[in-house]
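Hi everyone, thanks for making time this morning. I'd like to spend a few minutes on charged side chains and who pairs with whom.

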Amino acid sequence: MSDNLHNSRFLKACRGEKADATPIWLMRQAGRYMPEYQAVRSKTTFLGLCKTPELACQVTVEAQEKLGVDAAILFADLLPVLEPMGFALDYKEGEGPVIGNPVRVAKDVDRVKLHKPLSTMPFVYDAILLIRRGLKPDIPLIGFAGLPFTLAAYTIEGGSSKHFQHAKTFMLNDEGAWNELLGKLSRVVIDYVNAQIDAGVQAVQLFDSWVGCLGPAEYRRYVLPHTKAVVAGIKSRVPIIHFGVGTATLVDAMHEAGADVMGFDWQTPIGATWKRLGVCAVQGNLDPITLFARREVVLEKAGEVLKDAGGRPGHIFNLGHGILPGTPVDNVRALVNYVHERSVEHI
Ligand code: CP3
């Protein structure tokens, strides 16, 4: 890795080292709230965009440059990795992702195929090569993947869900088939992420977006062993960020999976939780809804996050979950500038 990248604010913070200001990037920073994204998206479907490296590169680099954030995140999605496993994936307008042939009984797990993403999803790796060339040499690129629980939830529910009734019932009724499904997902995700690192990403974020629907005991029994296996399969190559929503009571168990950086949602108090976990670096955690408020309120709340993090080396500013459609872009830019200027007072 070049010195420029190694010494970037973002990667310093991932290692728990002091930086000249608190780095900031935002989950879903390239998305529908941004006119530039909408313009590209109007030419194709969402999956078409994910599978066209030139367009994925364009929206990734444009978002980083327009916002002035300290890292870019690969434009892709959690779910396309499921297609070569035999799942019929579609994104329906206003409904989100839909899987036409979900897993519902133990026997369905037998038809879930293993694959090598490097050859089945070449568009992801081509996009990484293009993005790395398109970004300024000191801006790190973050790769990402979904963790087995969240991926399994989609394969069983067949789409987004409020209560995860099918997924949790499957998990409780047939632990053997559950472990087999999550084991298959883990193997594919490990290959998927390692090939992203080979292609040129400088860090990876592992999303367990919906794991907050479980309690700590269930998390430890049904999820943690699989997440541990994924982290162990990619560990020590680049910093790993581990994130889920609604996880204030799960972060202690999640931390045992071994990631380098823990991502906190907005309900998790940064300072106290960081101290308790003793983790090297922490990412988060402004409530994404805050960005819809008046400018002064956005900045006041951002200031509270900086204060809670206390200037401790290793803080990466982010939202507590992804930016929502309709978020005012000017508030996002004001947030980025504020974090860069004001964090200096805290460190
Ligand atoms: O800028 C970035 O952060 C990179 C791009 C990115 C997308 N999805 C683009 C996207 C990333 C990192 C993701 C991850 C992702 N995808 C997650 C984890 C993050 C989280 O929110 O917890 C999840 C759960 C998914 C699955 C997914 N993809 C859903 C539920 C939806 C529909 C809901 C929605 O926001 O539309 C998507 C579609 C999606 N992924 C869009 C984008 C920009 C919108 C699609 C469109 O343009 O119509």
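Here is a walk through some of the salt bridges. Please keep in mind that this is a predicted model. As a reminder, side chains of opposite charge can pair when their charged atoms come close.

How many salt bridges are there? The count comes to 15.

Let me start with Glu36 and Lys66, whose closest N and O atoms are 2.9 Å apart. This pair links distant parts of the chain: Glu36 belongs to helix α3, residues 35–41, and Lys66 to helix α5, residues 53–67, with their positions 30 residues apart. Glu36 is partly exposed at 26% relative accessible area, and Lys66 is partly exposed too, at 25%.

Staying with helix α3, we come to Arg41. Its salt-bridge partner is Glu93, with the closest N and O atoms 3.8 Å apart. Glu93 sits in the loop between β2 (89–92) and β3 (96–99), 52 residues from Arg41. Now, is Glu93 buried or exposed? Glu93 is exposed, with a relative accessible area of 71%, while Arg41 counts as partly exposed at 21%.

My next pair is Arg221 and Glu175, which meet at 2.6 Å, N to O. Arg221 is in helix α11 (residues 216–234) and Glu175 in helix α10 (residues 175–199), so this salt bridge ties together parts 46 residues apart in sequence. Both are partly exposed: Arg221 at 49% and Glu175 at 27%.

Finally, a small group: Arg9, Asp20 and Asp70 are joined into one network by salt bridges that share partners.

Thanks, and I'm happy to go back to any of these pairs.

How values were computed. Residues are numbered from 1 along each chain as its sequence is written. This is a predicted model: local features need pLDDT of at least 70, side-chain atom pairs count only at pLDDT 80 or more; totals for chains, interfaces and linings use all residues. Side-chain values use heavy atoms; hydrogens and water are left out. A salt bridge is a side-chain nitrogen of Lys or Arg within 4 Å of a carboxyl oxygen of Asp or Glu. Helices (H or I, at least four residues) and strands (E, at least two) are DSSP runs, numbered from the N terminus. Buried means under 20% relative accessible area, exposed over 50%, partly exposed in between (1.4 Å probe, protein chains only).
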